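Here is a briefing for a reader who works with coordinates. It starts with one side chain and its partners, then moves out to the whole chain.

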Amino acid sequence: MEQYITVTGESRIADRWAEGILRTLTEVAPLIRENQYDYDTMADFMFSATMALNGIIRMGVTEDWSTHQIGHELTALHGLTHGHTLAIILPANLRVRKEIKAGKLLQYGERVWDINQGTPEERVEAAIEKTEEFFRSLGLTTRLHEEGIGEETIAEVERRFNKRQVAFGEQKDVTGEVTRKILEATL
């Protein structure tokens, strides 16, 4: 997601590869929940994971990685698995930063979730909602309060980012202050 939902128009082929991986994951993940011993389904899942992380889909495109950086903090502070932190942070990150990601969110909504109706703003929100619903369908929580995490952690993550003077994201706009907004959006 952080190699894909960034800047529009950078690489048609990388976008289509990423979209194919995402569509495959939305198809196979529910099947895996039904039967994690289905070899062919697991093979599709593992091949998708390999293709998502081997560097091919990031060639020639701007990357974000702010969701990962925030997620690492939650893992360090609370021991949540890395993937679970991404399911919590990503929808909130997309909502807080949807203006700069609107073009790619529209494309993602159309090509991955078949969202073609409504105003651009409605379609952007629908794409984010479908993403969050997908995570929930896999049994993951998507809100910090569901994990007993609140203001104390938000303040600590903001403090850590400010101390390191970080600025993540494709626009280098995810500072400690923006991270606070993202984390507050997960409550």
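**Salt bridges between α7 and α8**

Arg180 has a relative accessible area of 18%, so it counts as buried, the limit being under 20%. The model is predicted. Two acidic partners of Arg180 come up below, Glu151 and Glu158.

- Glu158 pairs with Arg180 in a salt bridge, at 2.6 Å from N to O. Glu158 sits in helix α7 and Arg180 in helix α8, so this pair ties together parts that are 22 residues apart in sequence.
- Glu158 is buried, because its relative accessibility is 16% and the limit is under 20%.
- Glu151 also forms a salt bridge with Arg180; here the closest N and O atoms are 3.0 Å apart. This second pair links distant parts of the chain, 29 residues apart: Glu151 belongs to helix α7 (residues 151-164) and Arg180 to helix α8 (residues 176-184).
- Is Glu151 buried or partly exposed? At 42% relative accessible area, Glu151 is partly exposed.

**Other salt bridges**

- Side chains of opposite charge can pair when their charged atoms come close. The count for this model comes to 22 salt bridges.
- Glu19 and Arg111 make one such bridge, with 3.2 Å between the closest N and O atoms. The two residues are 92 residues apart, with Glu19 in helix α1 and Arg111 in helix α5 (residues 98-113).
- The relative accessible area of Glu19 is 4%, so Glu19 falls under the 20% limit and is buried. Arg111 is partly exposed, with 27%.
- Which residues are joined into one network by salt bridges that share partners? They are Asp64, Arg97, Lys101, Glu170 and Asp173.

**Around Ser11**

- Ser11 is placed in the segment before α1 (12-34). Its relative accessibility is 13%, so it counts as buried.
- A polar atom of the Ser11 side chain lies 3.1 Å from the backbone nitrogen of Ala14.
- Which residues is Ser11 in contact with, leaving aside its neighbours within four places in sequence? The contacts are Met59, Gly60 and Val61.
- Met59 is found in the loop between α2 (39-53) and α3 (66-78).

**Nonpolar surface patch**

- Met59 appears again on the surface, where it forms a nonpolar patch with Ile13 and Trp17. Together the three have about 310 Å² of accessible area.
- For the whole protein, the accessible surface comes to about 9800 Å². Carbon and sulfur atoms hold 52% of that surface.

**Overall fold**

- The secondary structure comes to eight helices and zero strands. From the N terminus on, the elements run α-α-α-α-α-α-α-α.
- The radius of gyration is 16 Å, close to the 16 Å that the globule rule gives for 187 residues, so the protein is as compact as a globular protein of that length.
- Along the principal axes, the C-alpha atoms fill a box of roughly 45 × 40 × 35 Å.
- What share of the 187 residues counts as buried? The share is 43%.
- Among contacts between residues at least 6 apart in sequence, 68% join residues at least 24 apart. The salt bridge between Glu19 and Arg111 likewise links distant parts of the chain.

Definitions and conventions
Residues numbered from 1 in each chain as written. Predicted model: local features only at pLDDT ≥ 70, side-chain atom pairs only at ≥ 80, totals over all residues. Heavy atoms only, no water. Patch = residues over 30% accessible without salt bridge, like charges linked within 9 Å, V, L, I, M, F, W, Y side chains within 5 Å. Areas by Shrake-Rupley, 256 points an atom, 1.4 Å probe, with all protein chains shown as cover. Salt bridge = Lys/Arg side-chain N within 4 Å of Asp/Glu carboxyl O. Helix = DSSP H or I, 4+ residues; strand = E, 2+ residues; numbered from the N terminus. Rg over C-alpha atoms; globule rule 2.2 N^0.38 Å. Buried < 20%, exposed > 50% of the residue type's maximum accessible area, 1.4 Å probe, protein only. Contact = heavy atoms within 4.5 Å. Polar contact = N/O pair within 3.5 Å; in protein donor to acceptor, adjacent residues only side chain to side chain.
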